[in-house]
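Subject: Structure for you to look at

Dear colleague,

I am passing on the structure we spoke about, with the sequence alongside. Please open it first and keep it in view while you read the notes underneath.

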Amino acid sequence: MTAEWFQGTAAEDATPVEIDTSVAHPARVYDYWLGGKDNYPADRAAGEAAATANPAILTGVRANRRFLRRAVHYLADQAGVRQFLDIGTGLPSVNNTHQVAQSIAPDSRVVYVDNDPVVLAHARALLTSSAPGETAYISADARDVDLILTEAARTLDFSRPVAILALMVLQYIPDSDDPHSIVSRLLGAVPSGSYFAESDTARDIDTSTVREATRRLNERMPTNLNLRSRDEIARFYQSLELLEPGLVPLNRWRPDPEDLALTQDLPTYCGIGRKP
């Protein structure tokens with residue numbers, strides 16, 4: 001498999017890509033939940049079916065975007081990270097990784113990775129970088145670790161700390177493809193002082209509701225969502241030093257004062273770990 005790689009304004013000359021609108025795709029369903037316009041009837045049908053079974057999905061996807069902002073802000077500001085590898089980035093929205101990082105450190109370098117052709121078609125929107133920094137986009141599957149690392153090395157210096165982001169993406173990799181090994185290989189390529197930020201849907205919070213919403217979603221998508229428990233998700237961090245407050249539901253990771261206080265935890269886990 002080959003990767004399509006864009007940097008700066010190179011995406012303007014990219015060959016148009018074919019988009020299959022007859023089936024739902026996670027990035028486009030997520031866009032629908034966020035109120036975006038880059039989705040199709042199949043995506044809206046899948047998103048609506050799942051949200052009907054679990055209305056908390058809408059709160060959860062917005063909370064995940066806020067976690068992205070808080071995580072990148074922490075990494076760029078307090079941790080001093082200047083390089084980001086964002087895997088499963090999805091469609092452009094507010095507070096994209098490069099926007100948050102470069103608002104703090106204009107020289108930040110960001111590489112986005114996704115395999116949805118709609119995201120590819122919108123690559124130019126992701127690649128508006130501040131002058132001292134750089135952004136690049138790789139069209140690749142999250143399982144293609146060697147490919148990702150090879151292409152990302154065009155922009156990132158893997159001898160210096162890198163923050164790897166995998167928000168709501170590992171849940172689409174089945175156990176048969178060993179997602180824990182994928183994370184280990186990614187972390188093995190970055191030096192001490194690097195970070196890993198992750199979020200995924202939980203199967204041990206509000207279990208019956210989440211299971212039904214997942215069933216409805218999986219009926220409509222060729223890429224299925226795989227629910228995992230806290231212990232299973234915690235394995236992604238087994239070689240890392242977890243930052244406080246640890247691996248927690250999205251609504252409990254350093255919430256902002258303006259965030260709504262929820263009466264029930266969102267059925268998701270998130271956290272940030274540092275490579276010692």
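What follows is a short account of what was found, taken from the interior outwards to a pair of helices.

Please bear in mind throughout that this is a predicted model.

I would start with the nonpolar interior, where the largest core has 35 residues, and where Leu85, Val111, Val113, Ile164, Leu170 and Phe196 are the ones with the most contacts inside it. At least two residues of this core come from each of β2 (83-87), β3 (109-114), β4, α7 (145-152), β5 (163-167) and α8 (179-188), and the largest share, five residues, is supplied by α7. A second core, separate from that one, has 33 residues, including Val72, Leu165, Val248 and Ile272. As general background, nonpolar side chains in soluble globular proteins tend to be buried together.

Helix α7 itself is mostly covered, with six of its eight residues buried; these are Val145, Leu147, Ile148, Leu149, Glu151 and Ala152, so that a glutamate is found in the list beside the nonpolar residues.

Phenylalanine 196 is worth selecting in the viewer, since its contacts beyond the neighbours within four places in sequence are with Ile164, Ala166, Leu170, Val183, Leu187, Phe236, Tyr237, Leu240, Gly271, Ile272 and Gly273.

Two further residues may help you to find your way. Isoleucine 138 lies in strand β4 (residues 134-139), and it counts as buried because its relative accessibility is 0%; its C-alpha atom is separated by 24 Å from that of glycine 273, which is 135 residues away along the chain. Glutamine 102, in helix α4 (residues 97-104), is also buried, with a relative accessible area of 8%, and, leaving aside neighbours within four places in sequence, it is in contact with Ser108, Thr128, Ser129, Ser130, Gly133, Glu134 and Thr135.

Lastly, there is the helix pair: the axes of α2 (residues 41-53) and α9 (residues 207-220) come within 8 Å and cross at roughly 165°, which means that α2 is roughly antiparallel to α9. Their crossing is right-handed. On the α2 side the contact is made by Ala45, Ala46, Ala49, Ala50, Thr52 and Ala53, and on the α9 side by Thr209, Glu212, Ala213, Arg216, Leu217 and Arg220; sorted by class, the contact has seven nonpolar, two polar and three charged residues.

With best wishes

Conventions. Residues are numbered from 1 along each chain as its sequence is written. This is a predicted model: local features need pLDDT of at least 70, side-chain atom pairs count only at pLDDT 80 or more; totals for chains, interfaces and linings use all residues. Side-chain values use heavy atoms; hydrogens and water are left out. Axes are lines fitted to C-alpha atoms, for helices over the stretch in contact, and angles run from 0 to 180 degrees between N-to-C directions. Helices (H or I, at least four residues) and strands (E, at least two) are DSSP runs, numbered from the N terminus. Angles under 35 degrees count as roughly parallel, over 145 as roughly antiparallel, 65 to 115 as roughly perpendicular and the rest as oblique. A crossing is left-handed if the near helix is turned anticlockwise from the far one by less than a right angle, and right-handed if clockwise. Contact means heavy atoms within 4.5 Å. Ala, Val, Leu, Ile, Met, Phe, Trp, Tyr, Cys and Pro count as nonpolar, Asp, Glu, Lys and Arg as charged, and the others, Gly among them, as polar. Buried means under 20% relative accessible area, exposed over 50%, partly exposed in between (1.4 Å probe, protein chains only). A nonpolar core is a set of buried Ala, Val, Leu, Ile, Met, Phe, Trp, Tyr and Cys residues joined through side-chain atoms within 4.5 Å.
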